[in-house]
Amino acid sequence: MGIQITEFTVQRSVATMPVEGNTQPIGLLHGGAYVVLGESLGSMSANLYAGANRVAVGVDINATHTGSATSGIVTGVCTPIHLGRTLTVHEIIVTDERGRRCSTIRITNLIKDAPQPG
């Protein structure tokens, strides 16, 4: 997918992804590629928030595509909507190189104790 993380904190995570290699047959960035970028950022951010000995697992994701990138790179910016004891909700806004919003993704993660070995 070519995703590159450029910023990574609990309050804001940012990554880029190239359009080339991630398109559907008619040359638009594949809708699933937007979701992969969003889920990667949201899940990684939730796991950073969860801390040691806990893990975050996705329980819901949705995406609304409002634009179509055809070249260059897209940038996803992930910010928390809710950071709770057992649930996190993140919004990821994906824009093209002109700053035009192409997709809005929301992911909910469940935080639970990490499985113990053995």
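**View 1. Asp60 is partly exposed, and it has a partner in Arg106.** In this predicted model, Asp60 has a relative accessibility of 35%, so it counts as partly exposed. Which residue does Asp60 form a salt bridge with? Look for Arg106: the closest N and O atoms of the two are 3.1 Å apart. Asp60 sits in strand β3 and Arg106 in strand β6, so this pair ties together parts that lie 46 residues apart in sequence. Arg106 comes out as partly exposed too, because its relative accessible area is 34%.

**View 2. Six strands make one open sheet.** Go through the sheet in order and you meet β1, β2, β4, β5, β6 and then β3, with antiparallel pairing. Why is one side of β1 and of β3 left without a neighbour in the sheet? Both β1 (4–8) and β3 (54–65) stand at the edges and have just a single partner strand each, so there is nothing in the sheet on the other side. On average, neighbouring strands here are turned by 20° against each other, if you ignore direction. As a bit of background, the strands of a sheet pair through backbone hydrogen bonds, and they can do so in a parallel or an antiparallel way.

**View 3. β1 and β2 fold into a hairpin.** Four residues lie between the two strands of this hairpin. β1 and β2 (residues 13–18) run antiparallel and are joined by four bridges. You can find Gln4 opposite Thr16 of β2, and Ile5 opposite Ala15 of β2. Now check the salt bridge between Arg12 and Glu7, where the closest N and O atoms are 3.0 Å apart. Arg12 counts as partly exposed because its relative accessibility is 36%. Glu7 has 31%, so it also counts as partly exposed.

**View 4. β2 also pairs with β4.** These two strands pair in the antiparallel sense, over six bridges. Pick out Ala15 once more: in β4, it stands opposite Gly76. Is β2 mostly covered or mostly open? Mostly covered, since five of its six residues are buried.

**View 5. Helix α1 lies across the strands.** The helix covers residues 31–50 and lies across β1, β2, β3, β4 (73–83), β5 (87–95) and β6 (101–113). Compared with β6, α1 runs at about 35°.

**View 6. Here is the largest nonpolar core.** How many residues does this core have? There are 16, and among those with the most contacts inside it are Leu29, Tyr34, Leu37 and Ile92. β2, α1, β4, β5 and β6 each chip in at least two residues. The largest share, four residues, comes from α1. Zoom in on Leu29 and, leaving aside residues up to four places away in sequence, you'll see it touch Met17, Pro18, Val19, Asn22, Thr23, Gln24, Tyr34, Ala69 and Val74.

**View 7. Asp96, Arg98 and Arg100 share a salt-bridge network.** These three residues are linked in a network of salt bridges. For Asp96 and Arg98, the closest N and O atoms are 3.5 Å apart. Is Asp96 buried or exposed? Its relative accessibility is 9%, so Asp96 counts as buried. Arg98, on the other hand, counts as exposed because its relative accessibility is 68%. The count of salt bridges in this model comes to four.

Technical notes:
Residues numbered from 1 in each chain as written. Predicted model: local features only at pLDDT ≥ 70, side-chain atom pairs only at ≥ 80, totals over all residues. Heavy atoms only, no water. Pairing = 2+ DSSP bridges. Axes fitted to C-alpha atoms, helices over the stretch in contact; angles between N-to-C directions. Contact = heavy atoms within 4.5 Å. Core = buried A, V, L, I, M, F, W, Y, C linked by side-chain atoms within 4.5 Å. Buried < 20%, exposed > 50% of the residue type's maximum accessible area, 1.4 Å probe, protein only. Salt bridge = Lys/Arg side-chain N within 4 Å of Asp/Glu carboxyl O.
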